[in-house]
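Subject: Structure handover

Hello,

Here is the structure you will be working with. Please open it next to this email and follow along; my notes come after it.

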Amino acid sequence: MRYAIIALPVIVVLAVLFVALQGTSGEKAMSGIEGRIVLAPICPVEQIPPDPACAPVPYETTVTVSKSGTERILATVATDKQGYFSINLVPGMYVLTPKGGSVLPSCNEVVVEVFPDLFAYTDISCDTGIR
């Protein structure tokens with residue numbers, strides 16, 4: 001009986017460690033998604049040659065990340081002032097949803113596939129509504 005009392009906590013601790021390590025082994029996030037979000041168009045009429053003042057501008061916002069085929073949000077990442085973001089993810093298909101305004105800018109979801117040991121890159125353009 002005395003050995004059972006001592007063995008039970010040890011077994012519980014070992015089981016918890018096993019489950020914890022099982023979830024992370026082989027799933028180290030040495031991969032993920034990097035990208036940039038910009039606002040465009042900036043000018044009502046685009047010209048040829050393009051006017052540098054009308055180039056897309058960085059969009060400082062947040063991006064929610066969910067596993068493709070689900071609506072469960074896995075993470076939310078903020079872009080920097082230049083519109084860049086990066087998130088470590090295990091391989092799989094993900095849906096990125098940039099936060100737009102209540103009406104404008106309008107940002108579409110983007111589906112990105114992450115491969116082992118690689119970072120996928122995506123550019124996302126949010127529509128300003130300027131025509």
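**Two cis prolines**

Pro41 sits in the loop that runs between strand 1 (32-40) and strand 2. The peptide bond joining Ala40 to Pro41 is cis, with omega about -10 degrees. Please keep in mind throughout that this is a predicted model. A cis bond is also found from Leu104 to Pro105, where omega is near 0 degrees. Pro105 belongs to the loop between strand 6 and strand 7.

**The open sheet**

Four strands make up an open sheet; their order is 4-3-6-7 and they pair in the antiparallel sense. At the edges are strand 4 (73-78) and strand 7 (110-114), each of which pairs on one side only. On average, neighbouring strands of this sheet are turned by 30 degrees against each other, if direction is ignored.

Start with strand 3 and strand 4. Their antiparallel pairing covers five bridges. As an example, Val63 has Val77 in strand 4 as its bridge partner. The two strands form a hairpin with five residues between them, and Gly69 in the turn has a positive phi of about 90 degrees.

At the other end of the order, strand 6 (residues 92-98) and strand 7 are paired, again antiparallel, over five bridges. Here Leu96 has Val110 in strand 7 as its bridge partner.

**Strand 1 and strand 8**

In which sense do strand 1 and strand 8 pair, parallel or antiparallel? They pair in the parallel sense, over nine bridges. One pair to look up is Ile33 and its bridge partner in strand 8, Ala120.

In a regular strand the side chains alternate between the two faces of the sheet. Strand 8 shows such an alternation: Ala120, Thr122, Ile124 and Cys126 point to one face and are buried. Phe119, Tyr121, Asp123, Ser125 and Asp127 point to the other face and are not buried.

**The nonpolar core**

The largest nonpolar core has 19 residues, and the ones with the most contacts inside it are Ile33, Ile37, Phe85 and Leu96. At least two residues of this core come from each of strand 1, strand 3, strand 5 (84-88), strand 6, strand 7 and strand 8.

Ile33 is a good residue to click on first. Apart from its neighbours within four places in sequence, Ile33 is in contact with a list of residues including Phe85, Tyr94, Leu96, Val112 and Ala120.

Phe85 is part of strand 5. Is Phe85 buried or exposed? Its relative accessible area is 5%, under the 20% cut-off, so Phe85 counts as buried. Not counting residues up to four places away in sequence, Phe85 touches several residues, among them Ile33, Ile37, Val63, Val77, Leu96 and Thr122. Phe85 and Ile37 are 48 residues apart in sequence, while their C-alpha atoms are 8.2 Å apart in space.

**A buried loop residue**

Thr61 is placed in the loop between strand 2 (57-58) and strand 3 (62-67). Thr61 counts as buried because its relative accessibility is 10%, which is under 20%. With residues up to four places away in sequence left out, Thr61 touches Ile37, Val77, Ala78, Thr79 and Lys99.

**A positive phi outside glycine**

Asp117 is not a glycine, yet its phi is positive, at about 60 degrees. Where is Asp117 found? It is in the loop between strand 7 and strand 8 (119-127). The relative accessible area of Asp117 is 61%, which is over 50%, so this residue is exposed.

**The salt bridge**

How many salt bridges are there? The count comes to one. It joins the side chains of Asp127 and Arg131, with 2.6 Å from N to O. Asp127 has 26% relative accessibility, which lies between the 20% and 50% cut-offs, so it counts as partly exposed. Arg131 has a relative accessible area of 62% and is therefore exposed.

Regards

Key:
Residues are numbered from 1 along each chain as its sequence is written. This is a predicted model: local features need pLDDT of at least 70, side-chain atom pairs count only at pLDDT 80 or more; totals for chains, interfaces and linings use all residues. Side-chain values use heavy atoms; hydrogens and water are left out. Buried means under 20% relative accessible area, exposed over 50%, partly exposed in between (1.4 Å probe, protein chains only). Contact means heavy atoms within 4.5 Å. Two strands pair if DSSP finds at least two bridges between them. Axes are lines fitted to C-alpha atoms, for helices over the stretch in contact, and angles run from 0 to 180 degrees between N-to-C directions. A nonpolar core is a set of buried Ala, Val, Leu, Ile, Met, Phe, Trp, Tyr and Cys residues joined through side-chain atoms within 4.5 Å. A salt bridge is a side-chain nitrogen of Lys or Arg within 4 Å of a carboxyl oxygen of Asp or Glu.
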